[in-house]
Amino acid sequence: MRYGDVVTLPKPKITGPLAPEVLVPRLGDTLVDQGLLTPAELKRALAYQKEQEEKGTRILLGQALTDLGLIERGKLDAAITQQISQLQEALHESNLFLEQRVRERTAELQEALDKLTELNRLKNNFISNISHELRTPLAHMVGYIDLLSAEALGPLSDEQRSALKVLEKSYKRLSNLIENLLYLAFDTAESLHLEAGPVNISDLFALVTQRYKDKSNSAEVQISASCPVKAPPAQADINKIEWVLGQLVDNAIKFNQPGGQVRLSAELDGRRIQIAVADTGIGIPAERMNEIFEPFHQLDSSSTRKAGGAGIGLTLAKRIVEAHGSKLQIETRTGKGSRFSFALPIYQGKL
């Protein structure tokens, strides 16, 4: 190799996402490797560069080399051009590496998403199928319960009537659980099918309070409802909103105490109707608020917990409310009670 010849360095091999500048030797090292500069001359130039900086004049290494006459300008420019070319090539290869890693990672995430989607589909099919299968024997049960209650199969003693009431209570509880499981088969609020129409809130409140009258009496909890006299109808799926209110009232009674109160209320708020269920129960600890909407989860999960249920009521209530374009709001104080509320639009069609 003759002095001054430009030597082409081998391509840097990229094995990871390194910064391109790490892959290109520094100018001084490149000049020494090409034989355009000796280590001693490089050391001299660096010392001169430092000396100028201490005097307040910042200069590049190339200028220091030319000032000292250690290298010709043409050879220096050629070396710098080669270094720039190396840097551009390293940058290109680094980009290719990163793009490949992004493609691979995207494919991995898509595969995981596909598997999760399939598992979700299988879960929903299982819940839906098993729920429908359970409904058949339940239909037989309720048929015979009705026959027994009407004494169509013979007169009943007081003990038998008492046992029949327990059987009816268990049937209703199991029927409600199956209905809840069917709702749970829907993954998102968007997948819930709504049959929206006009809903008279006053009539809805009367229906719900009447349904839970016996339960509230047994728990020694007073249940009441108030609604503006001339309140317009709301636009909603009456069956699903009735179900939501039932869940909220059921919880308000369940987590209350003797002498407590449960109150349903409605207020006009512009073009929407604010609906609320408030109670004087035990309330929800602030640090556990994020747990109440988790499916199959009870805040009291001990084997001795007093309140029954599968822990899916609020999960489904939240989804149904969101399917109506609203949000289930919660206000609570431990030991003072809770208030669940949501808004429904006023019905705009013809009655």
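Let us begin with Ile 130, which lies in helix H4, a helix that spans residues 73-149. Please keep in mind that the model on the screen is a predicted one. Is Ile 130 buried, exposed or something in between? Its relative accessible area is 35%, so Ile 130 counts as partly exposed. Together with Phe 126 and Leu 134, Ile 130 makes a nonpolar patch on the surface, with an area of about 270 Å². A general point about helices is helpful here. An α-helix has 3.6 residues a turn, so residues three or four places apart point the same way.

I turn now to a second helix, H9, made of residues 313-323. This helix is mostly covered, since eight of its eleven residues are buried. Among the buried residues are Gly 313, Leu 314, Ile 320 and Val 321, and Arg 319 also belongs to this group. Just after H9 comes Gly 325, whose phi angle is positive, at about 75 degrees.

My last example is Val 277, a residue of strand S5, which covers residues 272-279. Why does Val 277 count as buried? The reason is that its relative accessibility is 2%, and buried means under 20%. Which residues surround it in the contact list? Setting aside neighbours within four places in sequence, Val 277 is in contact with Leu 245, Leu 248, Val 249, Ala 252, Val 262, Arg 263, Leu 264, Ser 338, Arg 339 and Phe 340. Consider Arg 339 in particular: 62 residues separate Val 277 and Arg 339 in sequence, yet their C-alpha atoms are 5.7 Å apart in space.

Note on methods. Residues are numbered from 1 along each chain as its sequence is written. This is a predicted model: local features need pLDDT of at least 70, side-chain atom pairs count only at pLDDT 80 or more; totals for chains, interfaces and linings use all residues. Side-chain values use heavy atoms; hydrogens and water are left out. Helices (H or I, at least four residues) and strands (E, at least two) are DSSP runs, numbered from the N terminus. Buried means under 20% relative accessible area, exposed over 50%, partly exposed in between (1.4 Å probe, protein chains only). Contact means heavy atoms within 4.5 Å. Patches are made of residues with over 30% relative accessible area and no salt bridge: like charges are joined within 9 Å, nonpolar side chains (Val, Leu, Ile, Met, Phe, Trp, Tyr) within 5 Å. Accessible areas come from the Shrake-Rupley method with a 1.4 Å probe; for residues, only the protein chains shown count as cover. A salt bridge is a side-chain nitrogen of Lys or Arg within 4 Å of a carboxyl oxygen of Asp or Glu.
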